[in-house]
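Subject: Structure handover

Hi,

Here is the structure I promised to pass on to you. Have a look at it first, and my notes follow below.

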Amino acid sequence: MSIEIGVIGMGYVGLTTALTFTSLGHIVHCYDNDTEKMARLARGEIMFFERGMEDALSSALTNSLLKVESGLAGGMLLSDIFFICVGSPPNEDGTVDISYVERAVSDLSIVLADVDDFRVVVVKSTVPPKTTVDVLGPLLSGISGKRIGVDVSICMCPEFFREGTSLMDSLHPDRLIFGTSDERSLSLLKKLYFPIDAPRFYTDPTTAEMIKYGSNSFLATKISFANEMANLCEVMGVDVDEVFEGISADARISPFFFTAGAGFGGSCFPKDVRGMVETASKKGVSMKLLRAVLEVNDVQYLRIFEKLTSLGELEGKKVAVLGLSFKSGTDDIRGSRSTLVVAELLGRGAMVSVYDKRALNNFRKIVFAGQVEYAITIVQALKNASVAIFMTDAEEFYLLTGSDILTLMAEPVVVDTRRIFAPGDLDGIEYHAIGRPRGP
Ligand code: NAD
């Protein structure tokens, strides 16, 4: 049975969702209110880097499976099911701004008012628990005039992919969560996801929302825990990776995500943990552990500067910051710790050179215009630098040798936040790593 799908919001989640379904042979109608993004999509261009995505887009367009629509009416309404994939950024006070999701649901509800057949709306955006049932459902029925569960249905299916491997993760997820309130929408979702081999969890929308917030909060907790352990390992004279290898051998503890470094960033973890804390607080529940997770994260990047005290003042010294995205494998700089590091370096009067194979253009567009050197090669960034700070574990950094660094840099001091180099790799270089014993 062929199901036509509508996707609203064509950012990371929307495009991944759309291309997941086109690769399963479905027709997907997509819409974003950013007209430039839509024009580029129609030409096969993607506004961000994701492995394998350009090929998937090209194939979807060539096979006429992806229909780039200019509004929510017209072709979009051929969809049996609509996925809401718009952003849910943080407000200043840390609460979640659901206005984009509300707007998308309202706009869709207006056009659905004139549709006679049953339709399903699926919220994929991350929204605080109860949003789907208490806010979006009433909006949908109020504006469209349709009865929820009878003429129209609203569900919540959170997304768990990792940027950098989003398409692979979406086609081969660890699990699928279906947060539904009626049999009809659940049966459609089951058909749609039939080819995807993953454990399924059938629940209600609010539980689905909690699962998403709980998952991200726990992953962020693992990172803050790893960072606190790393900070202690340094003074205890042991290597944090070795410690976590031993810890992870316990079958009760998953080995993933104990990634000590400069702290977590990105568009999800900081805002979702904060969103969880604020949502709980509104209900009179204090999430002490998650507050501590954020507190640890907020200052972790400053460990880098504690390692540079031997250098004295940074004023006038060239510092290379290598890795600008919030993690390797993406060009997404949202919430990147490198932004904080660069701001701190500039505040201390350093001459900053920044490098990232993929994220340089995003960094150039948004932050520190004219204040830093945007190096287009690692060599340019390192040349005559006094300090090199490795912020991500990008593959190309592993190719650098001690002699490259000695030849290029002025008075080489290396801060390795992700332990790219093995102890002993950088003889003759002042080397500091997060989570490794401090030097003499
Ligand atoms: P994004 O900023 O990349 O994309 C959002 C898109 O929605 C933008 O292109 C924007 O133009 C569009 N948009 C906003 N309002 C619209 C409207 N009314 N109509 C049509 N389009 C509209 O965001 P993203 O990273 O794809 O995240 C989307 C949601 O998914 C968020 O709630 C996020 O928390 C969640 N999420 C993100 C990830 C991730 O790794 N990026 C993973 C899981 C869940």
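There are 21 salt bridges in this structure, which is a predicted model. I picked out a few of them for you.

One sits within helix H4, where the side chains of Arg 103 and Asp 107 pair up at 3.1 Å, N to O. The two are 4 residues apart in that helix, so about one helical turn separates them. Arg 103 is exposed at 55% relative accessibility, whereas Asp 107 is partly exposed at 26%.

Another salt bridge joins Arg 436 and Asp 239, with 2.9 Å from N to O. Arg 436 belongs to the segment after strand E14 (430-433) and Asp 239 to the loop between helix H8 (205-236) and helix H9 (240-248), so this pair ties together parts that lie 197 residues apart in sequence. Both ends are covered: Arg 436 is buried at 9% relative accessibility, and Asp 239 is buried at 16%.

Glu 373 and Lys 318 also form a salt bridge, at 3.5 Å. This one links strand E11 (residues 373-374), which holds Glu 373, to strand E9 (residues 318-322), which holds Lys 318, across 55 residues. Here Glu 373 is partly exposed at 32%, while Lys 318 is buried at 14%. Elsewhere, Glu 36, Arg 40, Arg 43 and Glu 45 are joined into one network by salt bridges with shared partners.

Now to the ligand, which may interest you most. It is surrounded by 27 residues, the closest being Asp 32, Lys 37, Ser 88, Glu 163 and Lys 271. By class, this shell has 10 nonpolar, 8 polar and 9 charged residues. Helix H1 (12-23) and helix H4 (99-112) each supply at least two of them, and H4 gives the most, with 3 residues.

Oxygen atoms of the ligand come within 2.8 Å of a polar backbone atom of Val 13, 2.7 Å of a polar side-chain atom of Lys 271 and 3.1 Å of a polar side-chain atom of Arg 334. Taken alone the ligand exposes 830 Å², and the protein buries 89% of that.

Finally, the cysteines: how many disulfides does the structure hold? The count is 0. The sulfur of Cys 155 has its closest cysteine sulfur in Cys 157, 5.9 Å away, which is too far for a bond, because a disulfide needs the two sulfur atoms within 2.5 Å. Cys 155 is buried at 0% relative accessible area, and Cys 157 is buried too, at 2%.

Best wishes

Definitions and conventions:
Residues numbered from 1 in each chain as written. Predicted model: local features only at pLDDT ≥ 70, side-chain atom pairs only at ≥ 80, totals over all residues. Heavy atoms only, no water. Buried < 20%, exposed > 50% of the residue type's maximum accessible area, 1.4 Å probe, protein only. Near = heavy atom within 4 Å. Polar contact = N/O pair within 3.5 Å; in protein donor to acceptor, adjacent residues only side chain to side chain. Areas by Shrake-Rupley, 256 points an atom, 1.4 Å probe, with all protein chains shown as cover. Nonpolar A, V, L, I, M, F, W, Y, C, P; charged D, E, K, R; others polar. Salt bridge = Lys/Arg side-chain N within 4 Å of Asp/Glu carboxyl O.
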